[in-house]
Amino acid sequence: MPMSRISLLKGKSPEYLAALSNSLHRAMVEAFNVPAKDRFQMIHQHEPHELVFDRDYESPSGPRSDDFVLINITIGKPRSTEMKQAFYRRLVELLAEAPGLRPQDVMVVVSSSQGDDWSFSGGAPAASLWRPA
């Protein structure tokens, strides 16, 4: 069960945010081995002084714009490097389609955790529900 935090500057419409959310989830389902009903996202819109980012750092395709989006994904089940790379590629493809983000405006950080770091509900540790992939 990945959990995603999406951070961007304030001012985007509900439709834009929905497209962002939908494209992220679609990429996770298509390229990251996430079930279709496994969708947990938080979208945070920030004032310009609350989202600080270097417009040129490690961005060989050009500077970042005010449309910059930082996506933090916490995963429990490990993914291979190849799967992560395929996910990153598919994500920027889908985000370019909707809501129209340029690839250089998308930054992704994937963090791993263990099953006992999660409780899906009822106070039960998720580790008891997870099976090796």
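How much space lies in the second largest pocket? About 150 Å³. Keep in mind that this is a predicted model.

Let me start with the walls of that pocket. One stretch of the lining is Tyr 57, Glu 58, Ser 59, Pro 60 and Ser 61. Arg 64 lines the pocket too. The other lining residues are Pro 103, Gln 104, Val 106 and Met 107. What is the mix by class in this lining? Five residues are nonpolar, three are polar and two are charged.

Now the sheet. It is open, and it has four strands. Read across, the order is β2-β1-β3-β4. The pairing is mixed. Which strands stand at the edges? They are β2, residues 41–46, and β4, residues 106–112. Each has a single partner strand, so one side of each has no neighbour in the sheet. From one strand to the next, the twist averages 15°.

Next, one pair of strands. β1 covers residues 3–9, and β3 covers residues 69–75. These two pair in the antiparallel sense, over six bridges. To find your place on screen, look for Ser 4; it stands opposite Ile 73 in β3.

Then the helices. Helix α1, residues 14–31, lies across β1, β2 and β3. Its direction is at about 145° to β1. Helix α2, residues 81–97, packs on the sheet as well. Which strands does α2 touch? It touches β3 and β4, and its direction makes about 145° with that of β4.

One last link, back to the pocket. Val 106 and Met 107 are in its lining, and edge strand β4 runs over 106–112.

Technical notes. Residues are numbered from 1 along each chain as its sequence is written. This is a predicted model: local features need pLDDT of at least 70, side-chain atom pairs count only at pLDDT 80 or more; totals for chains, interfaces and linings use all residues. Side-chain values use heavy atoms; hydrogens and water are left out. On a 1 Å grid over the protein atoms alone, a cavity is a set of points where a 1.4 Å probe fits but cannot get out, and a pocket is an open set with protein on both sides within 12 Å along at least five of seven lines; lining residues have an atom within 4 Å of a point. Grid points are joined across faces, edges and corners, and a volume is the space filled by probe spheres set on the points. Ala, Val, Leu, Ile, Met, Phe, Trp, Tyr, Cys and Pro count as nonpolar, Asp, Glu, Lys and Arg as charged, and the others, Gly among them, as polar. Two strands pair if DSSP finds at least two bridges between them. Axes are lines fitted to C-alpha atoms, for helices over the stretch in contact, and angles run from 0 to 180 degrees between N-to-C directions. Contact means heavy atoms within 4.5 Å.
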